[in-house]
Amino acid sequence: MMSILVLNGPNLNLLGIRQPEVYGHTTLADIESMCREHAATHGFDLDFKQSNHEGVLIDAIHAARGQHDGIILNAAAYTHTSIALMDALSSTQLPAIELHLSNVHAREPFRHVSYIARVAVGVISGFGAPGYLLALDAMRGHLERSE
Ligand code: CA2
C-alpha cells in the first residue's frame, strides 16, 4: 500500500492555539484527523509528525527512505533558511511536496525564498488546512503516474 509521510516544522504545534488571526482556529491535531480520514477513504498509509527541531526533522526525512513513498513537508520557517533540510530531501530521493497554510508569496519578502522548492516536485501554498488534503491528492497522483 502507498505510504505518505506528512512532516511539520517549528511552531506548527501552536496552530489554533496562538495567533488565530494569522493561522486560523484549526489545530494540528484537527489537520492530522482530516489527513487520516482522507487516507482511510482513499486507501493509503499515512504517517504524521511535527518537530520544533531541525535535526529531528532531518532524521525523520532520512528514516522515510524505504518506509514511505513520498514526503509532504511544511517546514515552516526552516523553509526559508535550511540548506540542511534541502540536502536531506535530496538524499532520500523520495518525491517531496512543499506545503504552506498561508500564501508565502503574499507575505514578507524573506518568506519568498525557499530552499525546499528546489528539490520539491511542487509547492502548495495559501489554502489553509485543506491544503494538506490537496497535497495528499497531488502526491497520490504523482506516485500513481510514476509507477
Ligand atoms: O504558512 C505556513 O504554513 C508557514 O509554513 C508557517 C510558518 C511560516 O514561518 C512560514 O513562512 C509559512 C510559521 C508557523 C508558525 O505557526 C504558528 C502557529 C500559531 C502561532 C504561532 C505560530
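A residue counts as near a molecule when one of its heavy atoms lies within 4 Å of that molecule. In this predicted model, that cut-off picks out 17 residues around the ligand. The closest of them are Asn-74, His-80, Leu-101, Ser-102 and Arg-111. Sorted by class, the shell comes out as nine nonpolar, six polar and two charged residues.

Next come the polar contacts. His-80, one of the closest residues, has a polar side-chain atom 2.7 Å from an oxygen atom of the ligand. Arg-111, also among the closest, places a side-chain N or O atom 2.9 Å from a ligand oxygen. With Ala-77 it's the backbone that takes part: one of its N or O atoms sits 3.4 Å from an oxygen atom of the ligand. On its own, the ligand has 510 Å² of accessible area, and the protein covers 94% of that.

As for where all this happens, the ligand takes up the space of the largest pocket. That pocket has a volume of about 380 Å³. Its lining is made up of 18 residues, and those closest to the pocket centre are Pro-10, Asn-11, Leu-12, Tyr-23 and Ala-76. Split by class, the lining of the largest pocket holds nine nonpolar, six polar and three charged residues.

Note on methods: Residues are numbered from 1 along each chain as its sequence is written. This is a predicted model: local features need pLDDT of at least 70, side-chain atom pairs count only at pLDDT 80 or more; totals for chains, interfaces and linings use all residues. Side-chain values use heavy atoms; hydrogens and water are left out. A polar contact is a pair of N or O atoms within 3.5 Å; within protein, one must be able to donate a hydrogen and the other to accept it, and residues adjacent in sequence count only if both atoms are side-chain atoms. Accessible areas come from the Shrake-Rupley method with a 1.4 Å probe; for residues, only the protein chains shown count as cover. On a 1 Å grid over the protein atoms alone, a cavity is a set of points where a 1.4 Å probe fits but cannot get out, and a pocket is an open set with protein on both sides within 12 Å along at least five of seven lines; lining residues have an atom within 4 Å of a point. A molecule sits in a cavity or pocket if more than half of its atoms lie within 2 Å of its grid points. Ala, Val, Leu, Ile, Met, Phe, Trp, Tyr, Cys and Pro count as nonpolar, Asp, Glu, Lys and Arg as charged, and the others, Gly among them, as polar. Grid points are joined across faces, edges and corners, and a volume is the space filled by probe spheres set on the points.
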